Amino acid sequence: MARPLKPLAEEALLYLGYLLKVIDEDIHMISTETPILFAKAYEVFILELTIQSWLHVEENKRRTFQKNDIVATITRKDIFDFLVDIVLRDEIKDEVAG
């Protein structure tokens with residue numbers, strides 16, 4: 001049975017607030033707007049990465065989204081440079097060579 005969307009969203013925001021406190025022990029209180037702002041930022045980030053990766057799928061005349069499409073997007077776009085260290089080096093080398 002599917003869970004209602006609203007409680008899931010509230011649960012996610014509570015978890016995000018918890019994560020912020022765990023990341024920095026000096027944080028004792030978080031305003032109610034902060035988790036909402038972070039959640040929206042994550043949503044926009046994932047949407048942009050997905051759209052740019054889908055453009056790579058269409059360039060290659062495929063209809064299936066693959067991991068290498070995300071890797072290609074990360075290597076091509078300057079806005080995703082901070083992810084290069086996270087992506088496996090082998091995949092980046094293969095994508096640049098290919």
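Which residue forms a salt bridge with Glu-59? The partner is Arg-76, and the closest N and O atoms of the two residues are 2.9 Å apart. This pair links distant parts of the chain, with Glu-59 in helix H2 and Arg-76 in helix H3 (residues 67–76), 17 residues apart. Glu-59 has a relative accessibility of 47% and therefore counts as partly exposed. Arg-76 is likewise partly exposed, with a relative accessible area of 47%.

**Model and fold**

The structure is a predicted model. Its protein chain has 98 residues, of which 18% count as buried. The secondary structure comes to 4 helices and 0 strands, and from the N terminus the order of elements is α-α-α-α. Among contacts in the chain with a separation of 6 or more, 24% are between residues 24 or more positions apart. The chain exposes about 8,100 Å², and carbon and sulfur atoms supply 63% of that area.

Confidence varies along the chain. The average pLDDT is 77, and 60% of the residues score at least 70. Helix H3 has the highest confidence, with a mean of 88, whereas helix H4 (residues 89–97) has the lowest, with a mean of 63. Where pLDDT is low, predicted coordinates should not be read in detail.

**Salt bridges**

The structure holds 3 salt bridges. They are listed below with their N to O distances.

| Acidic residue | Basic residue | N to O distance |
|---|---|---|
| Glu-43 | Lys-40 | 3.5 Å |
| Glu-59 | Arg-76 | 2.9 Å |
| Asp-69 | Arg-62 | 2.4 Å |

The Glu-43 and Lys-40 pair sits within one helix: both residues lie in H2 (residues 33–59), 3 residues apart, which is about one turn of the helix. Glu-43 counts as partly exposed because its relative accessibility is 48%. Lys-40, at 45% relative accessibility, also counts as partly exposed.

The bridge between Asp-69 and Arg-62 joins a buried residue to a partly exposed one. Asp-69 has a relative accessibility of 0%, so this residue counts as buried. Arg-62 is at 23% relative accessibility and so counts as partly exposed; the cut-off for buried is under 20%.

**A buried threonine in H3**

Which residues does Thr-73 touch, leaving aside those up to four places away in sequence? They are Leu-49, Gln-52, Ser-53, His-56 and Phe-80. Thr-73 itself is placed in helix H3. Its relative accessibility is 2%, so Thr-73 counts as buried.

**A nonpolar surface patch**

Phe-38, Tyr-42 and Ile-46 form a nonpolar patch on the surface. Together these three residues have about 290 Å² of accessible area. Phe-38 lies in helix H2. With a relative accessibility of 33%, Phe-38 counts as partly exposed; this value passes the cut-off for patch residues, which is over 30%.

**Summary by helix**

Helix H2 holds both residues of the Glu-43 and Lys-40 salt bridge, as well as Phe-38. Helix H2 also contains Glu-59, whose partner Arg-76 is in helix H3. Helix H3 further includes the buried residue Thr-73, and confidence in the chain is highest in this helix.

Conventions. Residues numbered from 1 in each chain as written. Predicted model: local features only at pLDDT ≥ 70, side-chain atom pairs only at ≥ 80, totals over all residues. Heavy atoms only, no water. Salt bridge = Lys/Arg side-chain N within 4 Å of Asp/Glu carboxyl O. Helix = DSSP H or I, 4+ residues; strand = E, 2+ residues; numbered from the N terminus. Buried < 20%, exposed > 50% of the residue type's maximum accessible area, 1.4 Å probe, protein only. Contact = heavy atoms within 4.5 Å. Areas by Shrake-Rupley, 256 points an atom, 1.4 Å probe, with all protein chains shown as cover. Patch = residues over 30% accessible without salt bridge, like charges linked within 9 Å, V, L, I, M, F, W, Y side chains within 5 Å. pLDDT = per-residue confidence, 0-100.
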